[in-house]
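Here are my notes on this one, jotted down while going through the model. Have the structure open next to you as you read.

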Amino acid sequence: MTRDRGTFMAMVGLFWIAEGDVYVGSKPSGLAPGVRLTPEGVTGLGHQQAGLWLWDDVRSLTVEDVPVKSLKRQVGVVVDLALSVGLGGGDEAPTMTVCVGMPDEEIELTAYVAAASGYSQKEYDLSRALLSRLTEGAATLLTTLDAMAAWGRAHEGGTPRRDERERLLSEWAGENATRA
């Protein structure tokens with residue numbers, strides 16, 4: 001099967017990278033909610049949350065309601081899937097909340113979770129560190145987003161394996177200064 005380069009996407013931690021575009025959670029379509037990270041700022045996408053919050057004003061960037069993998073959670077996902085398929089219902093995808101800390105308020109944006117069974121604890125922790133890094137200043141922000149976007153434009157192999165995702169997240173979060 002060949003991929004249309006215009007629709008290629010890969011999940012790395014909490015991030016969905018589509019060519020050079022970086023999203024927190026999965027990339028939305030239509031009026032579905034989503035959050036895109038651009039060199040200008042944090043962009044809320046979808047019905048009732050469209051907007052742009054400039055990086056100069058963003059004081060913090062955090063996530064809430066993120067499903068982290070556990071045996072109990074994995075069993076629950078299988079049971080939920082079996083029930084929804086068997087009973088013909090349950091097309092609600094799980095969401096997480098992206099919190100954009102501004103000088104005078106906190107904006108809460110909704111994004112769909114890209115990993116149906118949840119994220120590993122390590123990927124979650126590295127993703128949170130990466131989100132924090134994006135608020136450290138313009139030079140760090142632009143370098144980090146550029147590295148993520150460049151990887152997305154160059155990568156054609158689908159979502160990488162867990163160890164590669166963790167390595168990328170560590171690199172982008174600045175925890176691996178020896179890799180470029």
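1. A word on terms before anything else: helices here are DSSP runs of H or I with at least four residues, and strands are E runs of at least two, numbered from the N terminus. By that count, E166 sits in helix 4. Keep in mind throughout that this is a predicted model.

2. The overall layout. The chain has four helices and nine strands. Reading from the N terminus, the order is β-β-β-β-β-β-β-α-β-β-α-α-α. Of the 180 residues, 42% are buried. If you take contacts between residues at least 6 apart in sequence, 60% of them join residues at least 24 apart. The exposed surface comes to about 9,900 Å², with carbon and sulfur atoms supplying 50% of it.

3. Helix 2, residues 121–133, is a good place to start. Is its length what you'd expect from its 13 residues? What should they span, at 1.5 Å a residue? The expected figure is 18 Å, and the end C-alpha atoms are 18 Å apart, so the two agree.

4. Which residues of helix 2 are buried? They are E123, Y124, L126, S127, L130 and L131. These cover an arc of only 170° around the axis, so they lie on the same side of helix 2. As for what they pack against, the list takes in strand 1 (10–12), strand 2 (15–18), strand 3 (21–24) and strand 7 (60–64), plus helix 3 (138–154) and helix 4 (162–172).

5. Back to E166 in helix 4. Is this glutamate buried or exposed? The cut-off for buried is under 20% relative accessible area, and E166 comes in at 12%, so it counts as buried. Setting aside neighbours within four places in sequence, E166 is in contact with S120, K122, E123 and L126. Two of those names, E123 and L126, also appear among the buried residues of helix 2.

6. V22, in strand 3, is worth a click too. V22 is buried, with a relative accessible area of 2%. Not counting residues up to four places away in sequence, V22 touches F15, W16, V35, R36, L37, L145, M148 and A149. Take L145 from that list: V22 and L145 are 123 residues apart in sequence, yet their C-alpha atoms are 7.7 Å apart in space.

7. Now the sheet made of strands 7, 8 and 9. These three form an open sheet in the order 7-8-9, with antiparallel pairing. Strand 7 and strand 9 (106–112) are the edges, each pairing on one side only. From one strand to the next, the twist averages 25°. Strand 8 (residues 95–101) and strand 9 run antiparallel and are joined by seven bridges. To find the register, look at C99, whose bridge partner in strand 9 is E108.

8. Last, the hairpin. Strand 5 (residues 41–45) and strand 6 (residues 51–54) run antiparallel, joined by four bridges. Five residues separate the two strands of this hairpin. What is special about phi at G46 in the turn? The phi of G46 is positive, at about 105°. Across the pair, G44 stands opposite G51 in strand 6.

Key. Residues are numbered from 1 along each chain as its sequence is written. This is a predicted model: local features need pLDDT of at least 70, side-chain atom pairs count only at pLDDT 80 or more; totals for chains, interfaces and linings use all residues. Side-chain values use heavy atoms; hydrogens and water are left out. The expected span of a helix is 1.5 Å times one less than its number of residues. Buried means under 20% relative accessible area, exposed over 50%, partly exposed in between (1.4 Å probe, protein chains only). The arc is that of the directions from the helix axis to the C-beta atoms. Contact means heavy atoms within 4.5 Å. Two strands pair if DSSP finds at least two bridges between them. Axes are lines fitted to C-alpha atoms, for helices over the stretch in contact, and angles run from 0 to 180 degrees between N-to-C directions. Accessible areas come from the Shrake-Rupley method with a 1.4 Å probe; for residues, only the protein chains shown count as cover.
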